[in-house]
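Colleague: I would like to learn how to read a few local features in a model. Could you walk me through them?

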Amino acid sequence: MTVTAGNPPGDFVQVGATRDGLEPYLDAAHRRGMRTVLVETPAYLRWRRLLGRREFEVEVAVERPQDPDAVRTALAAAGVAPALVLTGFERYVYAGFALARALRVAPWPDAGDTFRPLDKREQREALLAGAPQVAQPRFVPLGPDGADAAGRLDGGDAADRLGFPQVIKPADGGGGLGVLLVDGAAERHRALDRVSALVNYGGGAFSGIVAEEFVKGPEFSLQGVAHEGSAVLLSVCEKLTCLEEVPDEPGLSGFREVGHVARPGDGAPPALQELAQACLDATGYRAGPFHVDVIQGPDGPVFVEMGFRLSGGGLVALVEKATGADWAELAFRTHLGDAPVRPDGAGGSGIAGQISAVSEQELAAAEALQEPGMTVQIQLAAPPPDPAALPADDLPVLASDLARHTGAAGRVVLSGGPGDRIPALLHSLVADRLRG
(Lines give C-alpha, C1' and ligand atoms only; values in the text may rest on other atoms or scores of the structure.)
Protein backbone atom coordinates (compact mmCIF):
# COMPACT_ATOMS: atom_id res chain seq x y z
CA MET A 1 0.00 0.00 0.00
CA THR A 2 1.44 3.35 -1.04
CA VAL A 3 0.50 6.30 1.14
CA THR A 4 0.14 9.72 -0.53
CA ALA A 5 -1.50 13.02 0.43
CA GLY A 6 -4.61 11.95 -1.46
CA ASN A 7 -4.59 8.40 -0.16
CA PRO A 8 -4.84 8.42 3.66
CA PRO A 9 -3.74 5.07 5.07
CA GLY A 10 -6.81 4.51 7.26
CA ASP A 11 -6.82 2.95 10.70
CA PHE A 12 -5.10 -0.18 11.91
CA VAL A 13 -7.41 -2.10 14.25
CA GLN A 14 -6.05 -4.73 16.60
CA VAL A 15 -8.67 -6.96 18.21
CA GLY A 16 -7.27 -8.07 21.55
CA ALA A 17 -4.08 -6.98 23.29
CA THR A 18 -1.06 -9.23 23.36
CA ARG A 19 -0.44 -10.78 26.75
CA ASP A 20 3.37 -10.60 26.57
CA GLY A 21 3.31 -6.80 26.28
CA LEU A 22 5.28 -6.57 23.03
CA GLU A 23 2.47 -5.24 20.75
CA PRO A 24 4.66 -5.70 17.64
CA TYR A 25 2.02 -4.42 15.22
CA LEU A 26 2.25 -0.91 16.63
CA ASP A 27 5.59 -0.11 14.98
CA ALA A 28 4.52 -1.54 11.61
CA ALA A 29 1.38 0.61 11.68
CA HIS A 30 3.25 3.74 12.75
CA ARG A 31 5.75 3.32 9.91
CA ARG A 32 2.82 3.59 7.53
CA GLY A 33 1.20 6.57 9.22
CA MET A 34 -1.79 4.52 10.29
CA ARG A 35 -3.75 5.48 13.38
CA THR A 36 -3.63 2.59 15.84
CA VAL A 37 -6.82 1.29 17.47
CA LEU A 38 -7.04 -1.37 20.17
CA VAL A 39 -10.28 -3.23 20.88
CA GLU A 40 -10.46 -4.95 24.26
CA THR A 41 -12.73 -5.58 27.20
CA PRO A 42 -13.06 -2.62 29.58
CA ALA A 43 -11.56 -4.82 32.30
CA TYR A 44 -8.44 -5.70 30.33
CA LEU A 45 -7.96 -2.11 29.19
CA ARG A 46 -7.86 -1.09 32.84
CA TRP A 47 -5.51 -3.97 33.67
CA ARG A 48 -3.01 -3.18 30.89
CA ARG A 49 -2.87 0.45 32.05
CA LEU A 50 -1.86 -0.81 35.49
CA LEU A 51 0.75 -2.98 33.76
CA GLY A 52 2.18 0.09 31.99
CA ARG A 53 1.81 -1.38 28.49
CA ARG A 54 2.40 0.57 25.26
CA GLU A 55 -0.48 2.79 24.28
CA PHE A 56 -2.59 2.77 21.14
CA GLU A 57 -3.87 6.10 19.88
CA VAL A 58 -7.47 4.96 20.28
CA GLU A 59 -8.84 2.42 22.73
CA VAL A 60 -12.31 0.99 22.12
CA ALA A 61 -13.88 -0.83 25.04
CA VAL A 62 -16.18 -3.71 24.06
CA GLU A 63 -17.68 -6.04 26.65
CA ARG A 64 -17.46 -9.00 24.24
CA PRO A 65 -14.66 -8.55 21.69
CA GLN A 66 -15.39 -12.12 20.56
CA ASP A 67 -18.62 -10.74 19.03
CA PRO A 68 -17.71 -9.17 15.64
CA ASP A 69 -21.04 -7.34 15.40
CA ALA A 70 -20.45 -5.69 18.77
CA VAL A 71 -16.96 -4.68 17.69
CA ARG A 72 -18.21 -3.28 14.40
CA THR A 73 -20.83 -1.17 16.15
CA ALA A 74 -18.31 0.15 18.67
CA LEU A 75 -15.79 1.07 15.96
CA ALA A 76 -18.41 2.97 14.00
CA ALA A 77 -19.47 4.87 17.14
CA ALA A 78 -15.82 5.79 17.78
CA GLY A 79 -15.34 7.12 14.24
CA VAL A 80 -12.81 4.44 13.32
CA ALA A 81 -12.22 3.75 9.60
CA PRO A 82 -10.44 0.38 9.47
CA ALA A 83 -8.04 -0.38 6.64
CA LEU A 84 -6.48 -3.45 8.28
CA VAL A 85 -7.82 -5.64 11.08
CA LEU A 86 -5.49 -8.08 12.85
CA THR A 87 -5.73 -10.05 16.06
CA GLY A 88 -3.41 -9.67 19.03
CA PHE A 89 -4.65 -12.59 21.11
CA GLU A 90 -5.93 -16.09 20.36
CA ARG A 91 -9.31 -15.61 22.02
CA TYR A 92 -10.36 -13.02 19.45
CA VAL A 93 -8.89 -14.44 16.25
CA TYR A 94 -12.31 -15.70 15.12
CA ALA A 95 -13.93 -12.30 15.59
CA GLY A 96 -11.01 -10.50 13.93
CA PHE A 97 -11.37 -12.34 10.63
CA ALA A 98 -15.16 -12.11 10.69
CA LEU A 99 -14.92 -8.36 11.26
CA ALA A 100 -12.49 -7.86 8.36
CA ARG A 101 -14.77 -9.84 6.07
CA ALA A 102 -17.84 -7.84 7.14
CA LEU A 103 -16.01 -4.53 6.63
CA ARG A 104 -14.38 -5.78 3.41
CA VAL A 105 -10.91 -4.70 4.52
CA ALA A 106 -7.56 -6.50 4.80
CA PRO A 107 -6.81 -9.28 5.49
CA TRP A 108 -10.00 -10.03 3.51
CA PRO A 109 -10.01 -11.32 0.81
CA ASP A 110 -6.30 -12.20 0.48
CA ALA A 111 -6.48 -14.57 3.46
CA GLY A 112 -9.16 -16.42 1.47
CA ASP A 113 -12.58 -15.34 0.20
CA THR A 114 -14.41 -17.68 2.54
CA PHE A 115 -11.64 -18.31 5.08
CA ARG A 116 -12.44 -18.40 8.74
CA PRO A 117 -9.99 -19.57 11.40
CA LEU A 118 -10.65 -23.08 12.61
CA ASP A 119 -10.65 -24.10 16.25
CA LYS A 120 -8.59 -27.05 17.44
CA ARG A 121 -11.25 -29.65 16.68
CA GLU A 122 -11.96 -28.19 13.25
CA GLN A 123 -8.25 -28.11 12.42
CA ARG A 124 -7.96 -31.83 13.09
CA GLU A 125 -10.99 -32.58 10.92
CA ALA A 126 -9.68 -30.34 8.10
CA LEU A 127 -6.33 -32.13 8.10
CA LEU A 128 -7.99 -35.54 8.13
CA ALA A 129 -10.01 -34.52 5.06
CA GLY A 130 -7.49 -32.40 3.16
CA ALA A 131 -4.06 -33.61 4.27
CA PRO A 132 -4.40 -37.19 5.52
CA GLN A 133 -0.65 -37.67 5.13
CA VAL A 134 -0.08 -35.37 8.12
CA ALA A 135 0.25 -37.38 11.31
CA GLN A 136 -1.81 -36.16 14.26
CA PRO A 137 -3.01 -37.57 17.57
CA ARG A 138 -6.23 -39.54 17.59
CA PHE A 139 -8.98 -37.42 19.15
CA VAL A 140 -12.58 -37.40 20.31
CA PRO A 141 -14.54 -34.12 20.14
CA LEU A 142 -16.77 -33.41 23.11
CA GLY A 143 -19.61 -30.94 23.49
CA PRO A 144 -19.50 -27.45 24.99
CA ASP A 145 -20.36 -28.81 28.44
CA GLY A 146 -17.93 -31.73 28.24
CA ALA A 147 -20.49 -34.30 27.13
CA ASP A 148 -20.27 -36.37 23.97
CA ALA A 149 -23.14 -36.87 21.50
CA ALA A 150 -24.57 -39.62 23.70
CA GLY A 151 -24.56 -37.36 26.76
CA ARG A 152 -21.65 -39.11 28.48
CA LEU A 153 -19.55 -36.59 30.35
CA ASP A 154 -16.18 -38.22 29.78
CA GLY A 155 -16.57 -39.39 26.17
CA GLY A 156 -17.25 -43.00 27.12
CA ASP A 157 -15.70 -45.87 25.18
CA ALA A 158 -14.53 -43.64 22.31
CA ALA A 159 -12.32 -41.61 24.62
CA ASP A 160 -11.10 -44.76 26.40
CA ARG A 161 -9.87 -46.14 23.08
CA LEU A 162 -7.40 -43.23 22.85
CA GLY A 163 -5.40 -44.95 25.57
CA PHE A 164 -3.67 -43.24 28.48
CA PRO A 165 -2.20 -40.84 29.20
CA GLN A 166 -4.34 -38.48 27.14
CA VAL A 167 -4.82 -34.72 26.89
CA ILE A 168 -8.01 -32.77 27.61
CA LYS A 169 -8.18 -29.28 26.09
CA PRO A 170 -10.71 -26.58 25.18
CA ALA A 171 -11.41 -26.34 21.46
CA ASP A 172 -10.98 -22.56 21.43
CA GLY A 173 -8.72 -21.80 24.38
CA GLY A 174 -5.31 -20.17 24.28
CA GLY A 175 -2.15 -19.75 26.33
CA GLY A 176 -2.40 -23.29 27.71
CA LEU A 177 -5.66 -22.50 29.49
CA GLY A 178 -7.42 -25.71 30.54
CA VAL A 179 -4.97 -28.11 28.84
CA LEU A 180 -4.64 -31.07 31.20
CA LEU A 181 -2.86 -34.44 31.16
CA VAL A 182 -4.85 -37.37 32.55
CA ASP A 183 -3.88 -40.96 33.27
CA GLY A 184 -7.21 -42.73 33.55
CA ALA A 185 -10.97 -42.42 33.10
CA ALA A 186 -11.48 -41.09 36.62
CA GLU A 187 -8.90 -38.36 36.07
CA ARG A 188 -10.47 -37.54 32.71
CA HIS A 189 -13.82 -37.10 34.39
CA ARG A 190 -12.27 -34.71 36.94
CA ALA A 191 -10.42 -32.85 34.19
CA LEU A 192 -13.61 -32.36 32.19
CA ASP A 193 -15.38 -31.06 35.28
CA ARG A 194 -12.48 -28.65 35.77
CA VAL A 195 -12.39 -27.40 32.18
CA SER A 196 -16.19 -27.08 32.01
CA ALA A 197 -16.05 -24.83 35.08
CA LEU A 198 -13.39 -22.53 33.61
CA VAL A 199 -14.19 -19.22 31.97
CA ASN A 200 -12.52 -18.40 28.67
CA TYR A 201 -10.50 -15.23 28.33
CA GLY A 202 -12.74 -12.18 28.44
CA GLY A 203 -15.61 -14.21 29.88
CA GLY A 204 -17.87 -16.78 28.28
CA ALA A 205 -17.77 -20.53 27.75
CA PHE A 206 -15.56 -22.60 25.48
CA SER A 207 -17.00 -23.77 22.16
CA GLY A 208 -16.18 -27.37 23.01
CA ILE A 209 -13.65 -29.73 24.56
CA VAL A 210 -11.37 -32.26 22.88
CA ALA A 211 -9.86 -35.43 24.29
CA GLU A 212 -6.78 -36.51 22.38
CA GLU A 213 -4.04 -39.11 22.42
CA PHE A 214 -0.88 -37.99 24.23
CA VAL A 215 2.15 -38.17 21.92
CA LYS A 216 5.45 -38.09 23.76
CA GLY A 217 8.47 -36.48 22.13
CA PRO A 218 10.37 -33.22 21.67
CA GLU A 219 8.02 -30.29 21.07
CA PHE A 220 8.50 -27.60 18.42
CA SER A 221 6.65 -24.64 17.00
CA LEU A 222 6.90 -23.20 13.50
CA GLN A 223 6.58 -19.46 12.90
CA GLY A 224 5.74 -18.21 9.44
CA VAL A 225 3.79 -16.03 7.05
CA ALA A 226 1.40 -17.30 4.41
CA HIS A 227 1.81 -15.35 1.17
CA GLU A 228 -0.42 -16.13 -1.83
CA GLY A 229 -1.04 -19.56 -0.33
CA SER A 230 2.65 -20.43 0.14
CA ALA A 231 4.26 -20.97 3.54
CA VAL A 232 7.23 -18.70 4.25
CA LEU A 233 8.80 -20.38 7.27
CA LEU A 234 10.70 -17.86 9.39
CA SER A 235 11.83 -20.00 12.30
CA VAL A 236 11.59 -23.29 14.13
CA CYS A 237 11.48 -23.15 17.92
CA GLU A 238 12.29 -26.00 20.24
CA LYS A 239 9.95 -25.80 23.21
CA LEU A 240 10.83 -26.24 26.85
CA THR A 241 7.63 -27.40 28.56
CA CYS A 242 6.86 -28.34 32.14
CA LEU A 243 4.02 -30.06 33.92
CA GLU A 244 2.58 -28.26 36.93
CA GLU A 245 -0.06 -29.41 39.37
CA VAL A 246 -3.44 -27.76 39.05
CA PRO A 247 -4.24 -25.70 42.17
CA ASP A 248 -6.81 -27.38 44.42
CA GLU A 249 -6.85 -30.47 42.16
CA PRO A 250 -4.33 -33.01 43.53
CA GLY A 251 -3.25 -35.45 40.84
CA LEU A 252 -4.25 -33.23 37.91
CA SER A 253 -1.46 -31.59 35.93
CA GLY A 254 -1.42 -28.92 33.23
CA PHE A 255 1.19 -27.80 30.72
CA ARG A 256 3.16 -24.56 30.75
CA GLU A 257 5.70 -23.40 28.18
CA VAL A 258 8.87 -22.46 30.05
CA GLY A 259 11.07 -21.38 27.16
CA HIS A 260 12.05 -21.67 23.51
CA VAL A 261 15.13 -22.02 21.34
CA ALA A 262 14.70 -20.40 17.91
CA ARG A 263 16.58 -21.23 14.70
CA PRO A 264 16.04 -19.89 11.14
CA GLY A 265 13.29 -21.61 9.21
CA ASP A 266 15.30 -21.95 6.00
CA GLY A 267 17.30 -24.69 7.72
CA ALA A 268 14.21 -26.63 8.80
CA PRO A 269 13.94 -30.29 7.75
CA PRO A 270 11.82 -30.80 4.61
CA ALA A 271 9.19 -32.65 6.67
CA LEU A 272 8.48 -29.49 8.69
CA GLN A 273 8.35 -27.33 5.58
CA GLU A 274 5.89 -29.76 4.04
CA LEU A 275 3.79 -29.89 7.20
CA ALA A 276 3.48 -26.08 7.30
CA GLN A 277 2.35 -25.99 3.67
CA ALA A 278 -0.12 -28.84 4.22
CA CYS A 279 -1.67 -26.91 7.13
CA LEU A 280 -2.22 -23.87 4.92
CA ASP A 281 -3.70 -25.96 2.14
CA ALA A 282 -6.04 -27.90 4.42
CA THR A 283 -7.34 -24.86 6.30
CA GLY A 284 -7.57 -22.62 3.22
CA TYR A 285 -5.39 -19.91 4.79
CA ARG A 286 -3.66 -17.94 2.02
CA ALA A 287 -2.22 -14.79 3.59
CA GLY A 288 -1.09 -13.75 7.05
CA PRO A 289 0.96 -14.83 10.05
CA PHE A 290 0.66 -18.35 11.41
CA HIS A 291 2.27 -20.72 13.85
CA VAL A 292 2.05 -24.49 14.08
CA ASP A 293 2.81 -26.64 17.13
CA VAL A 294 4.27 -30.08 16.46
CA ILE A 295 5.73 -33.02 18.35
CA GLN A 296 8.58 -34.99 16.90
CA GLY A 297 7.23 -38.52 17.12
CA PRO A 298 9.12 -41.75 16.39
CA ASP A 299 8.02 -41.66 12.72
CA GLY A 300 8.26 -37.92 12.08
CA PRO A 301 6.49 -34.70 13.02
CA VAL A 302 2.99 -34.91 14.51
CA PHE A 303 0.61 -31.97 14.14
CA VAL A 304 -0.76 -30.58 17.43
CA GLU A 305 -2.50 -27.30 16.59
CA MET A 306 -2.27 -24.14 14.50
CA GLY A 307 -2.69 -20.44 15.21
CA PHE A 308 -3.65 -17.81 12.62
CA ARG A 309 -1.73 -14.95 14.23
CA LEU A 310 1.66 -14.00 15.68
CA SER A 311 2.82 -16.10 18.62
CA GLY A 312 2.83 -14.69 22.13
CA GLY A 313 5.22 -15.42 24.97
CA GLY A 314 7.92 -13.06 23.67
CA LEU A 315 8.44 -15.18 20.55
CA VAL A 316 8.16 -12.27 18.10
CA ALA A 317 11.28 -10.71 19.62
CA LEU A 318 13.06 -14.07 19.86
CA VAL A 319 12.39 -14.86 16.19
CA GLU A 320 13.86 -11.51 15.19
CA LYS A 321 16.93 -12.04 17.36
CA ALA A 322 17.60 -15.47 15.83
CA THR A 323 16.67 -14.73 12.21
CA GLY A 324 16.65 -10.95 11.71
CA ALA A 325 13.04 -11.20 10.51
CA ASP A 326 10.47 -8.70 11.78
CA TRP A 327 7.47 -11.02 11.86
CA ALA A 328 4.89 -8.26 12.38
CA GLU A 329 6.34 -6.19 9.53
CA LEU A 330 6.21 -9.18 7.20
CA ALA A 331 2.57 -9.75 8.16
CA PHE A 332 1.74 -6.15 7.25
CA ARG A 333 3.55 -6.54 3.94
CA THR A 334 1.63 -9.61 2.92
CA HIS A 335 -1.69 -7.95 3.80
CA LEU A 336 -0.97 -4.52 2.29
CA GLY A 337 1.12 -5.65 -0.68
CA ASP A 338 3.74 -2.94 -0.31
CA ALA A 339 6.99 -5.00 -0.26
CA PRO A 340 8.33 -8.54 -0.62
CA VAL A 341 7.46 -10.80 2.28
CA ARG A 342 10.51 -13.03 2.25
CA PRO A 343 13.09 -12.06 4.89
CA ASP A 344 16.62 -11.37 3.71
CA GLY A 345 18.17 -13.41 6.53
CA ALA A 346 20.42 -10.55 7.62
CA GLY A 347 20.91 -9.40 11.18
CA GLY A 348 20.08 -12.59 13.05
CA SER A 349 22.35 -14.48 15.41
CA GLY A 350 21.41 -17.86 13.88
CA ILE A 351 20.14 -19.20 17.20
CA ALA A 352 18.60 -17.56 20.24
CA GLY A 353 16.84 -18.92 23.28
CA GLN A 354 14.78 -17.68 26.18
CA ILE A 355 13.13 -18.81 29.38
CA SER A 356 10.47 -17.18 31.50
CA ALA A 357 12.06 -17.14 34.96
CA VAL A 358 9.76 -17.56 37.95
CA SER A 359 12.21 -17.12 40.82
CA GLU A 360 15.13 -15.03 41.99
CA GLN A 361 17.18 -18.24 42.00
CA GLU A 362 16.67 -18.74 38.25
CA LEU A 363 17.58 -15.11 37.58
CA ALA A 364 20.70 -15.39 39.73
CA ALA A 365 21.77 -18.55 37.90
CA ALA A 366 21.34 -16.72 34.60
CA GLU A 367 23.44 -13.78 35.80
CA ALA A 368 26.24 -16.22 36.61
CA LEU A 369 26.37 -17.66 33.09
CA GLN A 370 29.65 -16.98 31.32
CA GLU A 371 30.21 -18.41 27.84
CA PRO A 372 32.66 -17.08 25.21
CA GLY A 373 30.83 -15.05 22.58
CA MET A 374 27.41 -15.48 24.16
CA THR A 375 25.20 -12.58 25.19
CA VAL A 376 22.97 -12.95 28.23
CA GLN A 377 20.06 -10.52 28.55
CA ILE A 378 17.96 -10.44 31.69
CA GLN A 379 14.67 -8.57 31.33
CA LEU A 380 13.21 -8.09 34.79
CA ALA A 381 9.45 -8.10 35.13
CA ALA A 382 7.90 -5.15 36.91
CA PRO A 383 6.24 -5.98 40.23
CA PRO A 384 2.70 -7.07 39.37
CA PRO A 385 -0.04 -4.58 40.15
CA ASP A 386 -2.57 -5.46 42.81
CA PRO A 387 -5.79 -6.71 41.20
CA ALA A 388 -7.57 -5.19 44.16
CA ALA A 389 -6.99 -1.82 42.48
CA LEU A 390 -9.55 -2.87 39.86
CA PRO A 391 -13.33 -2.79 40.20
CA ALA A 392 -14.62 -6.04 41.69
CA ASP A 393 -16.61 -6.76 38.52
CA ASP A 394 -13.35 -6.91 36.52
CA LEU A 395 -11.96 -9.89 38.41
CA PRO A 396 -14.19 -12.62 36.89
CA VAL A 397 -13.44 -11.29 33.41
CA LEU A 398 -9.70 -11.34 34.13
CA ALA A 399 -9.63 -14.66 35.99
CA SER A 400 -7.95 -16.64 33.21
CA ASP A 401 -5.46 -13.85 32.50
CA LEU A 402 -4.48 -13.65 36.14
CA ALA A 403 -4.07 -17.43 36.28
CA ARG A 404 -2.06 -17.85 33.06
CA HIS A 405 -0.23 -14.57 32.45
CA THR A 406 1.14 -13.49 35.81
CA GLY A 407 3.88 -14.76 38.11
CA ALA A 408 7.02 -14.33 35.96
CA ALA A 409 10.06 -12.76 37.61
CA GLY A 410 11.63 -11.93 34.27
CA ARG A 411 12.82 -13.25 30.93
CA VAL A 412 16.33 -14.55 30.20
CA VAL A 413 17.49 -14.38 26.57
CA LEU A 414 20.66 -16.05 25.28
CA SER A 415 22.22 -15.44 21.86
CA GLY A 416 25.57 -15.87 20.14
CA GLY A 417 28.31 -18.28 21.06
CA PRO A 418 28.30 -21.99 20.18
CA GLY A 419 24.76 -22.84 19.14
CA ASP A 420 24.66 -26.18 20.91
CA ARG A 421 25.36 -24.50 24.25
CA ILE A 422 22.20 -22.38 24.33
CA PRO A 423 19.70 -25.28 24.66
CA ALA A 424 21.86 -26.97 27.30
CA LEU A 425 22.21 -23.78 29.35
CA LEU A 426 18.51 -22.99 29.20
CA HIS A 427 17.66 -26.52 30.29
CA SER A 428 20.05 -26.15 33.22
CA LEU A 429 18.30 -22.97 34.38
CA VAL A 430 14.87 -24.61 34.56
CA ALA A 431 15.80 -28.25 35.14
CA ASP A 432 13.65 -28.46 38.25
CA ARG A 433 10.54 -27.46 36.30
CA LEU A 434 10.96 -29.43 33.08
CA ARG A 435 9.09 -32.64 32.62
CA GLY A 436 10.99 -35.74 31.59
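Modeller: Happy to; we will go through a strand, some aromatic rings, a pocket and a few backbone details. Please keep in mind that this is a predicted model.

Colleague: Let's begin with strand β3. Which residues are on its covered face, and which are on its uncovered face?

Modeller: The general idea first: side chains in a regular strand alternate between the two faces of the sheet. Here, β3 spans residues 58-61, with Val-58 and Val-60 on the covered face and Glu-59 and Ala-61 on the uncovered one.

Colleague: In what sense do β2 and β3 pair, parallel or antiparallel?

Modeller: They are parallel, and four bridges join β3 to β2, which covers residues 35-40. You can find the register from Val-37, whose bridge partner in β3 is Val-58. That is the Val-58 we just placed on the covered face. Now add helix α2, residues 42-51: together with β2 and β3 it makes a β-α-β unit, and the unit is right-handed.

Colleague: On to the rings. How many aromatic pairs are there, and how do I describe one?

Modeller: A pair of aromatic rings is described by the distance of the centres and the angle of the planes. The structure holds 10 such pairs. Take Phe-97 and Phe-115: their centres are 5.2 Å apart and their planes are at 75°, an edge-to-face arrangement.

Colleague: Which parts of the chain does the pair of Phe-97 and Phe-115 tie together?

Modeller: Phe-97 belongs to helix α4 (residues 93-103), while Phe-115 is in the loop between α4 and α5 (120-130), so the pair links parts 18 residues apart in sequence. Phe-97 has a relative accessible area of 9% and is buried; Phe-115, at 6%, is buried as well. Ring pairs also bring in Tyr-285 and Phe-308, giving a cluster with Phe-97 and Phe-115.

Colleague: Rings can also have a charge over them. Over which ring does the charged end of Arg-19 sit at 4.0 Å from the centre?

Modeller: That ring is Phe-89. Arg-19 also lies over the face of Tyr-44, 3.7 Å from the ring centre.

Colleague: Now the second largest pocket. What is its volume, and which residues lie nearest its centre?

Modeller: The volume is about 360 Å³. Its lining counts 20 residues, and those nearest the centre are Arg-194, Val-246, Pro-247, Ala-403 and Arg-404. To see where the walls come from, look at α7 (185-197), β10 (230-245), β11 (253-264) and α12 (394-404), each of which supplies at least two lining residues. Helix α12 gives the most, with four.

Colleague: Let's finish with the backbone. Where are cis peptide bonds to be found?

Modeller: One joins Trp-108 and Pro-109, with omega about 0°, and Pro-109 is in the loop between α4 and α5. Another runs from Phe-164 to Pro-165, again with omega near 0°; Pro-165 lies in the loop between α6 (156-160) and β6 (166-170).

Colleague: And positive phi: is Glu-23 buried or exposed, and what about Arg-104?

Modeller: Glu-23 is not a glycine, yet its phi is positive at about 45°. Glu-23 sits in the loop between β1 (11-15) and α1 (25-31) and is buried, because its relative accessibility of 1% falls under the 20% cut-off. Arg-104, also not a glycine, has a positive phi of about 60°. Its place is the loop between α4 and α5, and at 59% relative accessibility, over the 50% cut-off, Arg-104 counts as exposed.

How values were computed
Residues numbered from 1 in each chain as written. Predicted model: local features only at pLDDT ≥ 70, side-chain atom pairs only at ≥ 80, totals over all residues. Heavy atoms only, no water. Buried < 20%, exposed > 50% of the residue type's maximum accessible area, 1.4 Å probe, protein only. Pairing = 2+ DSSP bridges. Right-handed = clockwise from strand over helix to strand, strands pointing away. Phe/Tyr/Trp six-rings, centres within 6.5 Å; stacked < 30°, edge-to-face > 60°. Lys NZ or Arg CZ within 6 Å of the ring centre and 35° of its normal. 1 Å grid on protein atoms, 1.4 Å probe; cavity = no way out; pocket = protein on both sides within 12 Å on 5 of 7 lines; lining within 4 Å. Points joined across faces, edges and corners; volume = space filled by probe spheres on them.
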